[in-house]
Amino acid sequence: MQLVCPAGNLPALRTAIDAGADAVYLGFRDQTNARAFPGLNFDDNEIRQGIAYAHARGRQVYLALNTYPDSARLAHWHRAVDQAAELGVDAIIAAEMGVLDYACRTHPKLARHLSVQGSATTAPALRYAFERFGIARAVLPRVLSVQQVERLCQNAPIPLEVFAFGSLCIMVEGRCQLSSYVTGASPNRHGVCSPARFVRWDEHDGGERSVRLNDVLIDRFQPEEPAAYPTVCKGRYGVGGEIFHALEEPTSLNTLELLPRLAQAGVAALKIEGRQRGAAYVDAVTRTWRAAIDRHRVAPEAWTAQPAWQNTLSAHAEGHQTTLGPYHRAWH
Amino acid sequence: MQLSLGPLQYFWPRERTLAFYREAIAWPVHTLYLGETVCSKRRELRTRDWIALAEELADAGKQVVLSSLALIEAESELSALTRLVDHGRFWIEANDLSAVQLCRERGVPFVAGPSLNVYNHEALAMLIQDGLRRWVPGVEQGHVLIDELLCALDAKGVARPEIEVIGWGRLPLSYSARCFTARALDIGKDDCGFRCIDYPDGLPLSTREGRPFLRINGIQVQGDEIVDLAPELPRLRELGVDLLRVYPQEVGTDVAIAHLDRALTAETPVAPLGQRNGYWHGEPGMSGQARPDAA
């Protein structure tokens, strides 16, 4: 199983490669990728340096072009595909049909991975992407149970990549409009969920803080209470007379204990989320998964999830909590 | 332009659902979308019941489209979808790529539902090759984006499919593996007890200041506001929109249909019954929010 790690910038890329990533994924510094946050991502020169660094060590670089251009902007995404081919990335990760089709027709040798934003959860959906765009791999949305992943591995026409660790997006990726409902800026169209320029923190008497997204109250925090980045899905609201995290608590997905099952199922790659996270996160999380995968490869029968690994991962989890999320049927 | 009745997004008791559609036969709606789009555990009407209802409504002179789930995870859900596609008499509303592929493999015409991501003319042109006959743009696409897309399609020399715009109802915003209704009631997803049936218009979610915000509907989240595009009819006509979709709500669907039907024949734009849909104007979907470029 390949370990695919996030690179929000060039130092993170080097960190991930040094820590044992088999591949890193990154994006251009514009709306062509789903992490178009200020201060993140790469220009051409940085990508060239990143590719040189990775290739010199036998590793790969994938470029995410996983947003949905409207008709007027499609040519810009086409140019981004051309650039990806020219730069020599090992694959693009895309979801939009116009982008995938252009890549398939214009740069057939450039490998295409179906992005998680493509929302392909079944064998027919994967067949569509394979027959139409000749994808070489698909990243599964974080909505399937481990049994469903196992079954899909048997039926899919191409190898599959699944999320292993990182901040948990609880909606079907590529089909969530909660951010755009409130701000008009959408992950699909603008590459951002909950853009920072719409976020406003207010401190009140007694140290309580409230956070608003385009003036909609997302949450309030007690003075000592830790606060995560405010997305609509991780706020606290009133439902049926009670205030709680009605959609999701700030928590991270952690599938470490499922590693043997995912390997047995034939999953091709494990993906770590977090291009917006710092070098310490990338380093610790990559090293931990590298060790876990290597140990499993050498001695699958004797493998157990080491407490030290779990401690490291928990320390880097959102809200210091982790969950098996939808991999585990009881999740609700 | 004609009216359509979009799929029932909520979970209503069997008799209530059947009575609703029998009432709809008399309404001035051209097309009815039938079937479960949110949760496969909702089985007051099973697949065969939906198909039987479709036959009945079609025999009464309505165009009927069979709607499919927006999120398909289990083999049983795929089998149900296959039964809809294989029936043969009706178009399918494809709400995800699985349905597109099954229709494509079997040569069945389909409508691209709003949860299928179609954002540009090239994607639409490919789906037309696959059998798409009608396109319902996703909720966040307003009149400018739709116009640009259709003009680009014309420039490509591809004949336009029918266009259907969401005209009235609560906007579907997201889907999850999690059941938010079960979570709110603190019961397991697998032991949900089908409690959605207690919330025929979804479960209201408000901010901690008491501002109505969203609706929880099983694994789906909707906007709380009921939007109404009746005042936009002149622009809808300019765009060449063929169908205006009304989503069933527990109360007032008949009033909304009558209101939109009046609006279609009125000489001047009518006053809205519901909220302004910000998305239509290139703004946040929730009405009254600052424009994206203003912050």
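## Reading this model

A residue is called buried under 20% relative accessible area, exposed over 50% and partly exposed in between, using a 1.4 Å probe and protein chains only. The model is predicted, so local features need pLDDT of at least 70 and side-chain atom pairs count only at pLDDT 80 or more, while totals for chains, interfaces and linings use all residues. Residues are numbered from 1 along each chain as its sequence is written, chains are lettered from A and ligands numbered from 1 in the order in which they are written, and side-chain values use heavy atoms, leaving out hydrogens and water.

## Chain A as a whole

Chain A has 11 helices and 16 strands (DSSP runs numbered from the N terminus: H or I of at least four residues for helices, E of at least two for strands). Its radius of gyration is 20 Å, close to the 20 Å that the globule rule gives for 332 residues, so chain A is as compact as a globular protein of that length. That radius is taken over C-alpha atoms, and the rule is 2.2 Å times the number of residues to the power 0.38. Along the principal axes, the C-alpha atoms of chain A fill a box of roughly 60 × 55 × 40 Å.

Of the 332 residues in chain A, 63% are buried. Among its contacts (heavy atoms within 4.5 Å) between residues at least 6 apart in sequence, 63% join residues at least 24 apart. Chain A is divided into domain 1 (2-168 + 251-328) and domain 2 (193-244), with bounds from an automatic or database assignment. The C-alpha centres of these two domains of chain A are 30 Å apart.

## Helix α1 and its start

Helix α1 (residues 10-19) of chain A has 7 of its 10 residues buried, so it is largely enclosed by the rest of the structure. The buried residues of α1(A) are L10(A), A12(A), L13(A), T15(A), A16(A), I17(A) and A19(A). They pack against β1 (2-6), β2, α2 and α10 (279-298) of chain A.

At the N-terminal end of α1(A), N9(A) acts as a cap, with a side-chain oxygen 2.9 Å from the backbone nitrogen of A12(A). Just after the helix, G20(A) takes a positive phi of about 115°.

## The surroundings of N41(A)

N41(A) sits in the loop between β2 (23-26) and α2 (44-56) of chain A. With a relative accessibility of 2%, N41(A) counts as buried. A polar atom of its side chain lies 2.8 Å from the backbone oxygen of R35(A). Beyond its neighbours within four places in sequence, N41(A) touches several residues, including the helix cap N9(A), as well as G8(A), F28(A), E46(A) and R275(A).

## Four cysteines at one spot

An unreviewed UniProt entry annotates C169(A), C176(A), C193(A) and C233(A) as "binding site"; such annotations may be inferred rather than shown by experiment. These cysteines span 65 residues in sequence, yet no two of their C-alpha atoms are more than 10.5 Å apart, so they gather at one spot. The lining of the largest pocket takes in C169(A), C176(A), C193(A) and C233(A) (a pocket is an open set of points on a 1 Å grid over the protein atoms alone, where a 1.4 Å probe fits, with protein on both sides within 12 Å along at least five of seven lines; lining residues have an atom within 4 Å of a point).

C169(A) lies in the loop between β7 (160-167) and β8 (171-176) of chain A, and at 31% relative accessibility C169(A) is partly exposed. C193(A) is in the loop between α8 (187-190) and β9 (199-203) of chain A, and at 30% C193(A) is partly exposed too. Leaving aside neighbours within four places in sequence, C193(A) is in contact with F37(A), S179(A), P187(A), Y229(A) and T231(A).

Notes: A polar contact is a pair of N or O atoms within 3.5 Å; within protein, one must be able to donate a hydrogen and the other to accept it, and residues adjacent in sequence count only if both atoms are side-chain atoms.
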